[in-house]
Amino acid sequence: MAELTNGHIRLREFSELDQVRLAELCNNKKIWDNVRDLLPSPYTEQNALEFIRLCRQDVPTTTFAIEYQGELAGCIGLVKQTDVYRLSAEIGYWIGEPYWGLGIATEAVGLLTEYGFGQLDLVRIFTGVFDFNKASQRVLEKSGFKLEGVFEKSVIKNGLIHNEFRYAKLNPSPDHK
Ligand SMILES: CC(C)(COP(=O)(O)OP(=O)(O)OC[C@H]1O[C@@H](n2cnc3c(N)ncnc32)[C@H](O)[C@@H]1OP(=O)(O)O)[C@@H](O)C(=O)NCCC(=O)NCCS
């Protein structure tokens, strides 16, 4: 069972005990506004349970609960790509609103990229951020991700068209040159 920690936050497997709190934290329009429409909204306890069960099927674990001071504070995961992109993964994350501004996302991105490069042997971790999401852009910049480009007008969210900022970080190991 994978568990990643830096002494301040802990990334651990989701448990069905997280169901109620996960639904409380994730049922937030301020989170939904910054992620894909795929995230259910409203986000119910049933949605939370199904998500937890899906996460627990992954071996090795790729989606983690973020724990701060013993409490569930958010979620972070890697989606491994397929075919010729199979050494790449997309990173995605959200932090519950009561925990914003504490450096938790930056630490979680740091721990998970280290795990992705070290344990999953990935070569590249990437993601896309909507143009207006300055906090997430800052998280990625603080975590050593490089802005590779802007996909102009690639996103429609809440009926408005937006650019997407595409970021990536490469495995620094010389084995992956
Ligand atoms: C974006 C999000 C993950 C940030 O989580 P967090 O734990 O608060 O992030 P951190 O505390 O590690 O870092 C946030 C940084 O953004 C900065 N920031 C916050 N709001 C900002 C804004 N409106 N403009 C510019 N910078 C901003 C903070 O000052 C901080 O940078 P600093 O350390 O240089 O001061 C969180 O707000 C969230 O979950 N939002 C909704 C879902 C989401 O956006 N997910 C990511 C999709 S790509």
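A residue is called buried here if 20 or more other C-beta atoms lie within 10 Å of its own, with C-beta atoms placed from the backbone. By that criterion, buried residues make up 28% of the 177 residues in the protein chain of this predicted model. The chain holds five helices and eight strands, and its radius of gyration of 16 Å is close to the 16 Å that the globule rule gives for 177 residues, so the chain is as compact as a globular protein of that length. A ligand is present, with 20 residues around it.

**Overall fold**

- Read from the N terminus, the elements follow one another as β-β-α-α-α-β-β-β-α-β-α-β-β.
- Taken along the principal axes, the box filled by the C-alpha atoms of the protein chain is roughly 45 × 40 × 35 Å.
- Of the contacts between residues at least 6 apart in sequence, 61% join residues at least 24 apart.

**The sheet**

- The eight strands of an open sheet are arranged in the order 1-2-3-4-5-6-8-7, and their pairing is mixed.
- Strand 1 (4–5) and strand 7 (146–157) stand at the edges, and because each has a single partner strand, one side of each is left without a neighbour in the sheet.
- At one of these edges, strand 1 pairs with strand 2 (residues 9–12) in the antiparallel sense over two bridges, and Thr5 stands opposite Arg10 of strand 2.
- Strand 7 and strand 8 (residues 160–170) also run antiparallel, joined by eight bridges, and Gly149 has Arg166 in strand 8 as its bridge partner.
- The hairpin of strand 7 and strand 8 has two residues between the strands, and in this hairpin Asn158 takes a positive phi near 50 degrees.

**Surroundings of the ligand**

- Among the 20 residues around the ligand, those that come nearest are Asn34, Ala105, Thr106, Lys134 and Ala135.
- Two or more residues of the shell are given by each of strand 5 (88–95), helix 4 (104–118) and helix 5 (134–142), and the largest share, five residues, comes from helix 5.
- Sorted by class, the shell consists of 12 nonpolar, six polar and two charged residues.

**Helix 4**

- Helix 4 has 15 residues, which at 1.5 Å a residue should span 21 Å; its end C-alpha atoms are 21 Å apart, which agrees with that expectation.
- The buried residues of helix 4 are Ile104, Ala105, Glu107, Ala108, Val109, Leu111, Leu112, Thr113, Gly116 and Phe117.
- Ala105 therefore belongs both to the residues that come nearest to the ligand and to the buried part of helix 4, since a residue is buried if 20 or more other C-beta atoms lie within 10 Å of its own.

**Backbone geometry in the loops**

- The peptide bond from Ser41 to Pro42 is cis, with omega near 5 degrees, and Pro42 is located in the loop between helix 2 (29–32) and helix 3 (45–57).
- A cis peptide bond also leads from Val59 to Pro60, with omega near -5 degrees, and this proline is part of the loop between helix 3 and strand 3 (63–68).
- Asp83, a residue other than glycine, has a positive phi near 55 degrees and lies in the loop between strand 4 (71–80) and strand 5; because there are 5 C-beta neighbours inside 10 Å, Asp83 counts as exposed.
- Asp121 is not a glycine either, yet has a positive phi of about 60 degrees, and is found in the loop between helix 4 and strand 6 (124–130); with 12 C-beta neighbours inside 10 Å, Asp121 counts as exposed, because the class takes in residues with 12 or fewer.

**Val123 and its contacts**

- Val123 has its place in the loop between helix 4 and strand 6, and with 17 C-beta neighbours inside 10 Å this valine counts as partly exposed.
- Apart from its neighbours within four places in sequence, Val123 is in contact with Leu87, Ser88, Leu170, Asn171 and His176.
- The C-alpha atoms of Val123 and Ala89 are separated by 8.5 Å, although the two residues are 34 residues apart along the chain.

Technical notes: Residues numbered from 1 in each chain as written. Predicted model: local features only at pLDDT ≥ 70, side-chain atom pairs only at ≥ 80, totals over all residues. Near = placed C-beta within 6 Å. Helix = DSSP H or I, 4+ residues; strand = E, 2+ residues; numbered from the N terminus. Nonpolar A, V, L, I, M, F, W, Y, C, P; charged D, E, K, R; others polar. Expected span 1.5 Å × (residues − 1). Pairing = 2+ DSSP bridges. Rg over C-alpha atoms; globule rule 2.2 N^0.38 Å. Contact = placed C-beta atoms within 7 Å.
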